[in-house]
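User: Hey, can you walk me through this complex? I'd like to start with the interfaces and then go inside the chains.
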Amino acid sequence: MKEAIRVKNLTKRFGALDVLRGIDLAAHEGEAIAILGSSGSGKSTMLRCINLLEIPTGGDVIVAGEQIAFKEKGGARLPADRRQVDRIRSELGMVFQSFNLWSHMTVLQNVMEAPVHVLKRPAAEVKEEAMGLLAKVGIADKAGHYPSHLSGGQQQRAAIARALAMRPKAMLFDEPTSALDPELVGEVLRVIRGLAEEGRTMLIVTHEMNFARDVASRIVFLDKGVIDAQGTPAEMFNGGGSERFRQFTAKQNA
Amino acid sequence: MNYFELMGFGPNGWGLPMIQAATMTLRVALAAFVVGLALGGLGAWAKLSGSRFARGAADVYTTVIRGIPDLLVIYLFYFGGSAVLGAIGKWFGATGFVGMPAFATGAIAVGLVSGAYQTEVLRGAFMAIAKGELEAARAVGMPPLLMFRRIIVPQVARYAIPGLGNVWQLILKESALISVTGLVELLRQAQIGAGSTRQPFYFFLTAAALYLVLTTLSTIIFERLETRAMRGVRRA
Amino acid sequence: MDFAFLLECFERLLPGIPMTLKLAGFSLLIGLVLAVLLAMARLSGIVVLEWFSRAYVFVFRGTPLLVQLFLIYYGLGQFPAIRQTFLWPFLREPYWCTLLALSLNTAAYGAEIVRGGLLSVAAGQVEAARACGMSGWLLYRRIVFPQALRQALPAYGSEIILMVKATSLASVVTLLELTGIAHKLISESFRAIEVFIVAGAIYLAINFVITRAVAWGERRLSPDRPADPLPSLPAA
């Protein structure tokens with residue numbers, strides 16, 4: 001099975017704080033990996049290092065077999081090739097905790113924006129595909145509405161459609177339901193589950209333990225900037241995993 | 001002559017010159033607005049940039065302009081510009097006072113002043129954009145220029161409309177000061193008419209009424225623009 | 001840079017400062033009284049008063065100050081009736097005309113600021129006061145005015161600075177305040193840039209002192225809230 005995403009010895013430091021202390025992770029095609037961990041464990045940071053919204057202090061990031069090149073400049077580490085970064089980002093779909101839909105465009109325009117302007121695909125073709133995606137996530141009737149008229153759950157589903165429109169090689173979900181009212185969480189999780197069942201490669205940072213157990217093909221548990229334990233849900237949740245993971249799940253269920 | 005004959009469009013009426021002068025007011029105000037927009041864009045970019053020098057320079061610009069009377073700025077450009085033109089003229093053998101073109105003087109001077117205010121308006125409008133939206137643009141692989149064109153500019157335009165409407169009203173009214181350069185905009189025309197007919201009250205009253213028409217129309221137009229621009233935004 | 005000339009400019013500009021400050025100070029004072037009256041009229045609930053207040057603010061904020069000044073200084077003299085009243089000795093003097101024009105103008109802007117301040121006092125605060133049995137003048141004096149003042153001070157600070165700048169218009173009707181003297185200096189020496197620098201610096205110094213004073217006032221009134229570092233542009 002091919003590797004969609006690979007990070008080697010990823011480290012990230014903010015000032016005096018070492019948030020990531022050496023992460024080694026490979027996501028194979030078709031895997032749905034749930035990333036769990038307590039606040040401050042570095043899960044979101046790790047995800048954001050993959051599409052370079054954060055620049056890792058050390059380590060390698062390889063997406064679809066292509067390694068991201070870095071250079072040193074004035075003591076800081078920077079991506080060497082701006083265009084490589086943009087290209088890699090366009091191959092990854094990211095869904096944010098706070099949706100981040102563009103407020104001056106309708107839902108349909110949001111979904112069409114990147115395929116038309118970044119990938120330079122013809123608008124008519126993109127529009128048809130976009131409407132299909134909106135129907136797939138269940139909000140086709142909101143295509144002409146502005147994001148502020150939608151509920152949180154609808155906005156997040158629109159954001160998922162927007163990410164899918166780029167035909168990404170892998171999808172990154174950064175706590176997709178943490179900002180939603182409890183009643184709206186379900187509709188978003190349903191969509192994500194559907195994507196996992198389709199066989200899409202995805203990394204999902206989440207707090208939703210039951211969801212992780214049901215949907216993920218692999219669970220990765222981060223603690224204090226390193227991977228403390230990982231395995232299939234069956235392995236992890238039935239007394240397996242590490243001591244710290246057991247403590248973590250106990251606290252979540254409390 | 002009664003008021004209506006005076007301001008009418010008959011053979012002795014001043015109606016037409018007054019209206020023409022009002023269009024001159026609009027023209028010089030528009031020119032000043034464009035100059036101010038360019039300066040404001042530059043200033044806002046400087047204030048938001050990482051460079052301490054750029055930020056410092058922009059701060060000096062806005063602080064100085066906001067503390068000095070516009071009339072003084074106009075005198076600077078008019079007399080200072082004339083001095084420069086006179087020096088250039090002397091090179092070519094001309095003597096005497098070469099007056100700065102009044103329209104340019106007025107537009108640049110008032111534009112320079114409004115640029116300081118437009119800097120703050122544009123800067124505030126940029127800061128009103130949700131940071132997450134910019135992040136989403138980056139996450140989808142948008143290069144910076146594309147992001148600027150598709151995400152930043154449209155949103156800055158929206159949020160800046162109320163502030164820019166204020167600045168426009170300011171420019172319209174300050175344009176009356178340009179009359180000191182001799183440019184025949186509305187106030188100067190009223191002065192000319194008043195001097196000629198010895199009926200200053202009627203002329204300045206008409207000028208005031210015409211200014212009122214201009215400012216009121218501007219308010220209506222900007223309110224329309226604001227409603228249209230804000231149709232996607234839920235206000236706090 | 002000719003420092004001797006700059007010094008000479010400074011010495012000749014100095015006598016203009018008292019005139020500038022007098023004009024600004026008195027017009028602000030009179031204007032404030034009028035502004036409070038206008039705001040109260042607007043909020044009075046009596047239709048005629050409300051309409052008058054609205055019309056006043058509309059006209060004075062919608063027309064340039066220079067036009068208002070010309071109407072009073074040049075315009076009123078058109079009517080023999082006025083020339084015969086006891087007011088005439090005042091109304092033909094540029095000083096009193098300017099004072100009148102500035103006062104009437106700042107009253108309009110001040111009225112909006114005062115009204116905004118009064119309206120911003122949270123309804124809950126007033127209710128709590130009424131629940132204790134406070135009403136009428138006591139309520140206004142102890143609860144409404146202190147809070148309104150707190151809210152309005154930053155905006156009013158801006159207005160003060162604008163008024164100082166507005167005094168420069170007096171130079172157009174021959175008064176020798178700062179800008180008037182500067183204009184004279186420039187037309188005598190043709191060294192516009194140097195005169196501009198000195199005159200501008202004096203204005204900046206005056207406005208700096210005012211800004212500090214307003215910030216001090218804000219701190220005194222609300223020890224818990226940080227003061228506004230730079231007064232913002234008031235609504236046109």
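Analyst: Sure, here is a run through the interfaces, the cores and the salt bridges. Keep in mind that this is a predicted model.

User: How much area do chain A and chain B bury between them?
Analyst: About 2,100 Å², and 55% of that is on carbon and sulfur atoms. The contact involves 25 residues of chain A and 24 residues of chain B.

User: And how many salt bridges are there between chain A and chain B?
Analyst: The count is 2 salt bridges. One of them pairs Glu135(B) with Arg48(A), at 2.7 Å from N to O. There are also 10 residue pairs in polar contact across the interface of chain A and chain B, counting pairs with both residues at pLDDT 80 or more.

User: Which elements of chain A supply at least two residues each to the side that touches chain B?
Analyst: Helix H2 (82–91), strand S8 (92–95) and helix H3 (107–117) of chain A. H2(A) gives the most, with 4 residues. By type, the side of chain A that touches chain B has 11 nonpolar, 8 polar and 6 charged residues.

User: OK, now chain C and chain B. How many residues are in contact there?
Analyst: 43 residues of chain C are in contact with 40 residues of chain B. Chain C and chain B bury about 3,600 Å² between them, with 78% of it on carbon and sulfur atoms.

User: How many salt bridges does the rule find across that one?
Analyst: The rule finds 0 salt bridges across the interface of chain C and chain B. It does find 9 residue pairs in polar contact there, again with both residues at pLDDT 80 or more.

User: Which helices of chain C are involved?
Analyst: Helices H3 (47–62), H4 (65–75), H9 (136–166), H10 (178–189) and H11 (192–221) of chain C each supply at least two residues of the side that touches chain B. H11(C) gives the most, with 8 residues. The residues on that side of chain C divide into 30 nonpolar, 11 polar and 2 charged.

User: Changing topic: Asn105(C). Buried or exposed?
Analyst: Asn105(C) has a relative accessible area of 5%, so it counts as buried. Asn105(C) lies in helix H7 (residues 94–120) of chain C.

User: What does Asn105(C) touch?
Analyst: Leaving out residues up to four places away in sequence, Asn105(C) touches Phe60(C), Leu65(C), Gln68(C) and Met163(C).

User: What about the largest nonpolar core, how many residues does it have?
Analyst: The largest nonpolar core has 161 residues. Those with the most contacts inside it are Ile5(A), Ile23(A), Leu203(A), Met18(B), Met142(B) and Leu13(C). Helix H7 (residues 144–174) of chain B gives the most to this core, with 12 residues.

User: Take Ile5(A). What does it touch?
Analyst: Beyond residues up to four places away in sequence, Ile5(A) touches Leu25(A), Ala26(A), Ala27(A), Ile50(A), Ile62(A), Leu92(A), Ala170(A), Leu172(A) and Leu203(A). Apart from the largest core lies another core of 38 residues, among them Phe99(A), Met112(A), Leu150(A) and Leu189(A).

User: Back to charges. How many salt bridges over all chains?
Analyst: The count comes to 24 salt bridges over all chains. One is between Glu31(A) and Arg218(A), at 2.8 Å from N to O.

User: Where do Glu31(A) and Arg218(A) lie?
Analyst: Glu31(A) lies in the loop between strand S2 (17–28) and strand S3 (32–37) of chain A, and Arg218(A) in strand S11 (residues 218–223) of chain A, so the pair ties together parts 187 residues apart in sequence. Glu31(A) is buried at 12% relative accessibility, and Arg218(A) is buried at 13%.

User: Does Arg48(A) come up again? Which residue does it meet in chain A?
Analyst: Arg48(A) meets Glu54(A) in a salt bridge, at 3.3 Å from N to O. Both Glu54(A) and Arg48(A) are buried.

User: And the salt bridge of Arg12(C) and Glu188(C), which parts does it link?
Analyst: It links helix H1 (residues 3–13) of chain C, where Arg12(C) sits, to helix H10 of chain C, which holds Glu188(C), and the two residues are 176 residues apart. The N to O distance for Arg12(C) and Glu188(C) is 3.3 Å. Arg12(C) is partly exposed at 31% relative accessible area, and Glu188(C) is partly exposed at 49%.

User: Which residues do shared salt bridges join into one network?
Analyst: Arg121(A), Glu125(A), Glu129(A) and Arg167(A) are joined into one network by salt bridges that share partners.

Definitions and conventions
Residues numbered from 1 in each chain as written. Chains lettered and ligands numbered in written order. Predicted model: local features only at pLDDT ≥ 70, side-chain atom pairs only at ≥ 80, totals over all residues. Heavy atoms only, no water. Contact = heavy atoms within 4.5 Å. Buried area = accessible area lost by both parts, 1.4 Å probe. Salt bridge = Lys/Arg side-chain N within 4 Å of Asp/Glu carboxyl O. Polar contact = N/O pair within 3.5 Å; in protein donor to acceptor, adjacent residues only side chain to side chain. Nonpolar A, V, L, I, M, F, W, Y, C, P; charged D, E, K, R; others polar. Buried < 20%, exposed > 50% of the residue type's maximum accessible area, 1.4 Å probe, protein only. Core = buried A, V, L, I, M, F, W, Y, C linked by side-chain atoms within 4.5 Å.
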